[in-house]
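I opened this model to make some notes at the bench. The entries below follow the order in which I looked things up.

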Amino acid sequence: MDICHIPYRFSVTPFEFSHVRRNFCLPRSQTTPFCPRIPVASNSLSETDSPEPKSRNRMFILGMGFVGQFFSQALKNQGWAVSGTCTSIMKKKQLEEKGFDIYLFDANQPEQSTIDVMKYHTHLLVSIPPVLGIGDPMLQHEELLRSTLMDGNLQWLGYLSSTSVYGDCGGAWVDEDYPTSPTSELANLRLVAEKRWLNLGDDLRLSAQVFRLGGIYGPGRSAIDTIIKQGALSESQKMRVSRQYTSRIHVEDISQALKASIHAPSHGKVYNIVDDDPAPREEVFAYARDLVEKKWPGQIKQSTKESESFIKKGSPTGAKRVSNARMKKELGVRLLHPNYGSGLQSIINHMEHHETYPSSLP
């Protein structure tokens, strides 16, 4: 697909974008190369009547989960207006107390009013996982999304996918051009959703990107937290323990990769978002256990040690080692946590700084 060259990088402060009123693209035809649409705010409503947020940079996040909340806080700290969706009243209240505009939302039955609000934002991040037997629930309503967002302000769309789309590659190094071979229905649904969101971005003439995330961890969600909670491994954790290699990424590095893409959008691109060290889970948990033992000596219960021993019993499979070379080269990302050691140490430090000690520990 040919790409026409237009000024993606706006001459404003980092991660800020202004509306450009010049028309860089001719009407599309089968022979016309793709040109992202540079939207202009509608003048049909007065400033007092428009639901458009006042901030020039406006992010809407479909699915304010672990990544969405961390990313939205990072943007808010830089002066962005951030809105998003969740599925419970309690979570809505908690997020609103942090200064976000939150909408209760059922992706299976989306309200037109919420989709109308989306079109007044400049950026859209999709962080809703596929559902077995359904696929991406938002894309059930693709025509509604297309018709509503076509004349809106959106400039950038990001879809959070997973490195699971590559399947088991026998321990080989894989980059974004490596053939995908998902081994589960959910991974296959991820791959289908990737293509459909990119196609929707094409139709809307905006810059759409896919981010294939490794195993996500960060404060409150890590091997350290699993050990501290002193519970048994979840079924999903047990499924991953036999892999010789597992790629992971700290949520802080996900956030900076997304911001880098906003600053340098590239329509249709796929990025692996992983750290430099695809280490086995046994090694990661052993390191996390040492950190906890040093911080709180003698506090790890026998049940936790038995749960960890499960990790060592599995016969290793190859899985894959995922390359982040494109992320570094094209987005200029310098990882804050290039390996699990750096990331886990930062989580321990975060606990100490914020005094977030579990009740079971001193």
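**Entry 1: Arg205 and helix H5**

I started at Arg205, which is buried, with a relative accessible area of 19%. The cut-off for buried is under 20%, so Arg205 falls on the buried side. I am working from a predicted model, and I keep that in mind throughout.

Where does Arg205 lie? I found Arg205 in the loop between helix H5 (185-204) and E7. I then checked the backbone. Arg205 has a phi near 55°, a positive value in a residue other than glycine. I noted this because most residues other than glycine have a negative phi. The positive phi of Arg205 comes just after H5.

Next I checked the length of H5. Its 20 residues should span 28 Å at 1.5 Å a residue, and the end C-alpha atoms are 28 Å apart, so the two agree. I also listed the buried residues of H5; among them are Leu189, Leu191, Trp197, Leu198 and Leu204. Charged side chains are on that list too, including Arg190, Glu194 and Asp202. What do the buried residues of H5 pack against? I found E4, helix H4 (142-149), E5 and E7.

**Entry 2: the aromatic rings**

I searched for aromatic pairs and got five in the structure. I took Trp156 and Phe211 to begin with. Their ring centres are 6.2 Å apart and their planes stand at 35°, so I logged the pair as tilted. Trp156 lies in strand E5 (residues 156-162) and Phe211 in strand E7 (residues 207-213), so this pair ties together parts that are 55 residues apart in sequence.

Are these two residues buried or exposed? Trp156 counts as buried at 1% relative accessibility. Phe211 is buried as well, at 0%.

I followed Phe211 to Tyr271. The centres of these two rings are 6.1 Å apart and the planes are at 20°, so this pair is stacked. Stacked requires planes under 30 degrees apart, which is why the 20° pair qualifies. Tyr271 sits in strand E10 (residues 270-273) and Phe211 in E7, so the pair ties together parts that are 60 residues apart in sequence. Both Phe211 and Tyr271 are buried. I therefore wrote down Trp156, Phe211 and Tyr271 as one aromatic cluster.

I looked at one more ring. Arg321 lies over the face of Tyr245, at 4.6 Å from the ring centre.

**Entry 3: two loop residues**

I picked Lys119 in the loop between helix H3 (112-118) and strand E4 (123-126). Lys119 is partly exposed, with a relative accessible area of 23%. Which residues does Lys119 touch, leaving out those up to four places away in sequence? I listed Thr148, Leu149, Gly152, Asn153 and Leu154. Thr148 is 29 residues from Lys119 along the chain, and their C-alpha atoms are separated by 7.2 Å.

Thr163 was my other choice, in the loop between E5 and strand E6 (173-174). Thr163 counts as buried at 9% relative accessibility. Beyond four places in sequence, I found Thr163 touching Arg212, Leu213, Gly214, Val274, Lys320 and Val322.

**Entry 4: helix H8**

I ran the length check on helix H8 (residues 251-263). Its 13 residues should span 18 Å at 1.5 Å a residue, and the end C-alpha atoms are 19 Å apart, which agrees. How many residues of H8 are buried? I got 10 of 13, so H8 is mostly covered. The buried ones include Val251, Ile254, Leu258 and Ile262. Asp253 and Lys259 are also among them.

**Entry 5: cysteines**

I searched the whole structure for disulfides and found zero. I looked up two cysteines anyway. Cys86 is buried, with a relative accessible area of 5%. Cys169 is buried too, at 12%.

**Entry 6: the whole chain**

I closed with the totals. The protein chain has 12 helices and 11 strands. Buried residues make up 50% of its 362 residues. Of the contacts with a separation of 6 or more, 79% join residues 24 or more positions apart.

Then I checked confidence. The chain averages a pLDDT of 82, and 73% of the residues score at least 70. Over residues 1-50 the pLDDT stays under 50. For that stretch the model has 97 contacts beyond four places in sequence.

Terms used
Residues numbered from 1 in each chain as written. Predicted model: local features only at pLDDT ≥ 70, side-chain atom pairs only at ≥ 80, totals over all residues. Heavy atoms only, no water. Phe/Tyr/Trp six-rings, centres within 6.5 Å; stacked < 30°, edge-to-face > 60°. Helix = DSSP H or I, 4+ residues; strand = E, 2+ residues; numbered from the N terminus. Buried < 20%, exposed > 50% of the residue type's maximum accessible area, 1.4 Å probe, protein only. Lys NZ or Arg CZ within 6 Å of the ring centre and 35° of its normal. Contact = heavy atoms within 4.5 Å. Expected span 1.5 Å × (residues − 1). Disulfide = S-S within 2.5 Å. pLDDT = per-residue confidence, 0-100.
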